[in-house]
Amino acid sequence: MTEPSGNEIAELRRKISVLEQDVQHLVSHDQLTGLLIRSALLKRVERHLAEGRASGQQCAVIEIGVRGIPRIAGALGRHVGDYVISALAARLSNAIPSDCLICRLDYWSFAVFLPRISDALEALTTAKRLIELLDQPIDWVERTLTVEAAAGVALDTKLDTDAALLVHRAGLAYKAATEKGGPGYAFFNPALEQAAKRRQDVQLAVHEALEKHYFSLAFQPYFNAASGELAGMEALIRLNHPTLGFISPAEFIPVAEETGAIQKIGAWVLVEACRVAANWPPHLLVSINFSPEQFMSGHLLSDVHNALELSSFPAYRMEVEITESTMLGDTEMISSQLTALRELGCQIVMDDFGTGYSSLSYLWKFPFSKLKIDRSFVQAMDTKPQVKGMMRTILDLARNLGLKVTAEGIETVEQAKMLRDHHCDFIQGYLCGKPVPEADVAAVIMTRFAASLRNMQAPPEELPAAPLRFEF
Ligand code: C2E
Ligand code: CA
Ligand code: CA
């Protein structure tokens, strides 16, 4: 074998160098979009920060993402979702100056690094411009596809962050921007970091509560508005943590939904609520709150069967409370589960009516038997006269559809009277009874039973007013 010439060695070196560059490009760029991947972005931003510190140059990271990809991918296929992502990536690449960096963070979010900004306004203007750009429709075959963009901005104005922290902060701001339902953008602020820490603590507390049995149920009574008789109780979950103290379900249920822990929690609530309610007089119902995520698990029906069977509790005494957000999911899948629950004998209740879209079409598309009018709506009756008129319309509509109505959050006698006079079927709220622990449920039942007996003995002309004198 002859030794390679100097030229050949040089050529070999050149080829190896090209190959190395290719490999380098391959491992630092996303295959679908050709954009940098997270680790590559962090390295470059770190380098920039190290070099830029001396010059006092301020910089910013914008996390920008879109909502709507799962909807598109679900309807038209994952390849169309991928097409949309690459189209959006191309738009971003063309729109940012060449000294900026851009990376694909997650399936549907990107990070843009602005190495030189004069102030916060400049970063905000860029973020808004990019949002507008991604909001533009995308053509696909003969369709027009749309997504909804949001952006979070983190600034390095004090020159005190590192690359990972800056990207993390932009992520927190992005999350806030998607939650707000506001203008679609948000700046990082330290309160977001505290909120994220609290979410983390609550997430751990939920995990621990499942393992160590810290959950309990409270029961809030509801009454027949005309007769004042106890009609049933709503099971409301409680979490008392040894170090964090009482955590409201309004706080930990969304966290449990995010992490998937809601599946176990939901199954536990079902078993526990049926166990307790099985000891009540047979005319009393138990209402149970269901999260939308429980309908995605595939085992909701078997969880319900299991809970009913364990306590020999009849399905007709169980009310399933769902909110409008449940109906926003896969309509066919939700509808078939609700129909199966209805066929089993359960009642289906639309909770929080008057807070969401209040789309009336849900009322006949899904097998509801009852509407529960939200507390905020009841409270608005006191201050806004037109809400009283709306309440009457809802009650008439429900009657025409054969639905019963519960008004929740009743705190004053005036509210209770007004609802009773307009033939609302049931009332629930602090006026008639706060949620109580299992140990106090028997007392609630006995007190109401005694009140009903007194009403029976009262002269008939006193009857209409008597039920509203709740004594606990
Ligand atoms: P929700 O289903 O709308 O329950 C009513 C909430 O209003 C309860 O809060 C109840 O204590 C409170 N409330 C009742 N009457 C009054 C009143 O007159 N005035 C005022 N100011 N408040 C009243 P809670 O127990 O903190 O529950 C909050 C939410 O957490 C519930 O709202 C429900 O969405 C959710 N939740 C509670 N338990 C469960 C559960 O077991 N599973 C699921 N998925 N969600 C649950
Ligand atoms: Ca409820
Ligand atoms: Ca409610």
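User: In which helix do Arg275 and Glu272 both lie?

Analyst: In this predicted model, the side chains of Arg275 and Glu272 meet in a salt bridge, with 2.7 Å from N to O. The two residues are three apart, about one turn of the helix. The element that holds both is helix 9 (residues 262-277).

User: Is Glu272 buried or exposed?

Analyst: Buried means under 20% relative accessible area. Glu272 has a relative accessible area of 17%, so Glu272 is buried.

User: What does Arg275 count as, by its relative accessibility?

Analyst: The range between buried, under 20%, and exposed, over 50%, is called partly exposed. Arg275 has 35% relative accessibility, so Arg275 counts as partly exposed.

User: At roughly what angle do the axes of helix 9 and helix 10 cross?

Analyst: Helix 10 covers residues 300-310. Its axis and that of helix 9 come within 8 Å. The crossing is right-handed. The axes of helix 9 and helix 10 cross at roughly 25°.

User: Why is helix 9 roughly parallel to helix 10?

Analyst: The axes of the two helices cross at roughly 25°. Angles under 35 degrees count as roughly parallel. Therefore helix 9 is, relative to helix 10, roughly parallel.

User: How many residues of the contact of helix 9 with helix 10 are nonpolar?

Analyst: From helix 9, the contact involves Ala267, Leu270, Val271 and Cys274. These meet Asp303, Val304, Asn306, Ala307, Leu308 and Leu310 in helix 10. One residue of the contact is polar and one is charged, while the number of nonpolar residues is eight.

User: Which residue meets Glu208 in a salt bridge?

Analyst: Glu208 lies in helix 7 (residues 190-212), and its partner lies in that helix too, four residues apart, about one turn. The distance between their side chains is 3.3 Å, N to O. Glu208 counts as partly exposed at 24% relative accessibility, and the partner is partly exposed with a relative accessible area of 44%. That partner is Lys212.

User: How many residues apart are Arg104 and Asp30?

Analyst: The side chains of Arg104 and Asp30 meet in a salt bridge of 3.1 Å, N to O. The pair links distant parts of the chain, with Arg104 in strand 3 (residues 101-106) and Asp30 in the loop between helix 1 (6-28) and strand 1 (36-37). Both residues are buried. Their separation along the chain is 74 residues.

User: How many salt bridges does a search of the whole structure find?

Analyst: The pairs found include Arg104 with Asp30 and Glu208 with Lys212. Another is Arg275 with Glu272. For the whole structure, the search gives 18 salt bridges.

Note on methods:
Residues are numbered from 1 along each chain as its sequence is written. Chains are lettered from A and ligands numbered from 1 in the order in which they are written. This is a predicted model: local features need pLDDT of at least 70, side-chain atom pairs count only at pLDDT 80 or more; totals for chains, interfaces and linings use all residues. Side-chain values use heavy atoms; hydrogens and water are left out. A salt bridge is a side-chain nitrogen of Lys or Arg within 4 Å of a carboxyl oxygen of Asp or Glu. Buried means under 20% relative accessible area, exposed over 50%, partly exposed in between (1.4 Å probe, protein chains only). Axes are lines fitted to C-alpha atoms, for helices over the stretch in contact, and angles run from 0 to 180 degrees between N-to-C directions. Angles under 35 degrees count as roughly parallel, over 145 as roughly antiparallel, 65 to 115 as roughly perpendicular and the rest as oblique. A crossing is left-handed if the near helix is turned anticlockwise from the far one by less than a right angle, and right-handed if clockwise. Contact means heavy atoms within 4.5 Å. Ala, Val, Leu, Ile, Met, Phe, Trp, Tyr, Cys and Pro count as nonpolar, Asp, Glu, Lys and Arg as charged, and the others, Gly among them, as polar.
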